[in-house]
Amino acid sequence: MRDVESLLGGRSTDDDEDLELAGYEVRHVDGQGATKDYLCPDCGNLVAAGEGHVVVWPSGEADLRRHWHRHCWRLEVRRSS
Ligand SMILES: [Zn+2]
């Protein structure tokens, strides 16, 4: 997978940059940091403990943070930009 991504983008940090969205804070959680199950607000499916994902909240409103699948958030970023 990493090989494919580097072929497509040429940078190892592509994922991070793809997931930025103006007005939102995005924090990456790797599998080891994911210690609880969450529900993804986009697809409604489980973000399982141990699964790398992102935590997203409107800037300055950390109380509204949500845990998203990476692919779901990436689609949201694309929809919004
Ligand atoms: Zn999802």
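User: What counts as a donor to a metal ion, and which residues coordinate the zinc ion here?

Analyst: Donors are N, O and S atoms within 2.8 Å of the metal (3.2 Å for Na, K and Ca); water is not among the atoms, so sites may look incomplete. This is a predicted model, in which local features need pLDDT of at least 70 and side-chain atom pairs count only at pLDDT 80 or more, while totals for chains, interfaces and linings use all residues. Residues are numbered from 1 along each chain as its sequence is written, and side-chain values use heavy atoms, with hydrogens and water left out. The zinc ion is coordinated at 2.0 to 2.4 Å by Cys40 (SG), Cys43 (SG), His69 (ND1) and Cys72 (SG). Along the chain, the donors of the zinc ion follow the spacing C-x2-C-x25-H-x2-C.

User: Which of the donor residues His69 and Cys72 are buried or exposed?

Analyst: Buried means under 20% relative accessible area, exposed over 50%, and partly exposed in between (1.4 Å probe, protein chains only). His69 is buried, with a relative accessible area of 6%, and Cys72 is buried as well, at 4%.

User: How many salt bridges are there, and where does Arg79 lie?

Analyst: A salt bridge is a side-chain nitrogen of Lys or Arg within 4 Å of a carboxyl oxygen of Asp or Glu. By this rule there are two salt bridges. One joins the side chains of Arg79 and Asp42 (3.0 Å, N to O). Arg79 lies in helix α3 (residues 70-80) and Asp42 in the loop between β2 (38-39) and β3 (46-47), so the pair ties together parts that are 37 residues apart in sequence. Helices (H or I, at least four residues) and strands (E, at least two) are DSSP runs, numbered from the N terminus. The side chains of Arg79 and Glu76 also meet in a salt bridge (2.6 Å, N to O). Asp42, Glu76 and Arg79 are thus named together as a network of salt bridges. At 52% relative accessibility, Arg79 counts as exposed, whereas Asp42, at 34%, counts as partly exposed.

User: With which side chain does His53 make a polar contact?

Analyst: A polar contact is a pair of N or O atoms within 3.5 Å; within protein, one must be able to donate a hydrogen and the other to accept it, and residues adjacent in sequence count only if both atoms are side-chain atoms. The side chain of His53 makes such a contact with the side chain of His67 (2.9 Å). His53 is found in strand β4 (residues 53-58) and counts as buried, at 1% relative accessibility.
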